[in-house]
Amino acid sequence: MTDIILLSDHRVAATRVAENGEPLVDAREVTTLRVDTRKADDDGSYAHLRADVLRRLLLAQDALPPGIRLLMVEGFRPPALQRRYFDAYAATLRTAHPDAPPERIRELASAYISPPEVAPHVSGGAVDLTLCTGDGTELPLGSEVNATPEESAGGCRTAAAGIDAESRANRAVMGRAMTAAGFVNYPTEWWHWSYGDRYWALLTEAPAATYGPASLSHP
């Protein structure tokens, strides 16, 4: 496909996990961080992150230029929800590419939604976010958060060439802050950043991921 490592890559699944037992915490309890409600669910899963991930997210926010803040859209995602998302998108791709073998559909789907068994969101180590002003007005970043490759004409990719200069500059601002705080980006989704999960461990050459699948009742 490209030199981008997709979440369907066998190296991601092969990455060792040394679960550290860190709890999920509710980002809505941090008054300095804006948490959007577009992905709100009944039990508040979307607003939860591993404790150190939230700490690092606040470090990233502190590194932003004056007047710009992070707007968190989604954090932890229960495994069953991740499976529904993946299966639904894979079904649309099978319709669009009826001759494609299953492994190709899996690869294509992984450019937008992670296979459930390795999904960063399921670990509580991933966060989808964008930038906003102090009053919550979202800044332009070239596509909507969670826009598919089809909907955004490829603009969802972090390094997409077809976005305007302001959006590219905003992506760079967010990228510098998030990278400095220890996060890695999934290059097919400018809004997706993670720490401590398998994908992070593979890209940073860490000896193991520190977060495996989580739940609200058990880390």
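**A tour of an aromatic cluster and a helix pair**

Begin by selecting Tyr-195 and Trp-200, both of which are buried (under 20% relative accessible area, with over 50% counting as exposed and values in between as partly exposed, for a 1.4 Å probe and protein chains only). This is a predicted model, in which local features need pLDDT of at least 70 and side-chain atom pairs count only at pLDDT 80 or more, while totals for chains, interfaces and linings use all residues. Residues are numbered from 1 along each chain as its sequence is written, and side-chain values use heavy atoms, with hydrogens and water left out.

Add Phe-183 to the selection, since Phe-183, Tyr-195 and Trp-200 form one aromatic cluster. The structure holds four aromatic pairs (rings of Phe, Tyr and Trp, the last by its six-membered ring, with centres within 6.5 Å; planes under 30 degrees apart are stacked, over 60 edge-to-face and the rest tilted). Go next to Trp-190 and Trp-191, an edge-to-face pair with 5.4 Å centre to centre and 85° between the planes. Return then to Tyr-195 and Trp-200, whose ring centres are 4.7 Å apart and whose planes stand at 55°, so this pair is tilted.

Finally, select Phe-86, Tyr-89, Ala-90, Leu-93 and Arg-94 in H3, which meet Ile-105, Arg-106, Leu-108, Ala-109 and Ser-110 in H4 (contact being heavy atoms within 4.5 Å, and helices being DSSP runs of H or I, at least four residues, numbered from the N terminus). The residues of this contact of H3 with H4 divide into seven nonpolar, one polar and two charged (Ala, Val, Leu, Ile, Met, Phe, Trp, Tyr, Cys and Pro count as nonpolar, Asp, Glu, Lys and Arg as charged, and the others, Gly among them, as polar).

Conventions:
Helices (H or I, at least four residues) and strands (E, at least two) are DSSP runs, numbered from the N terminus.
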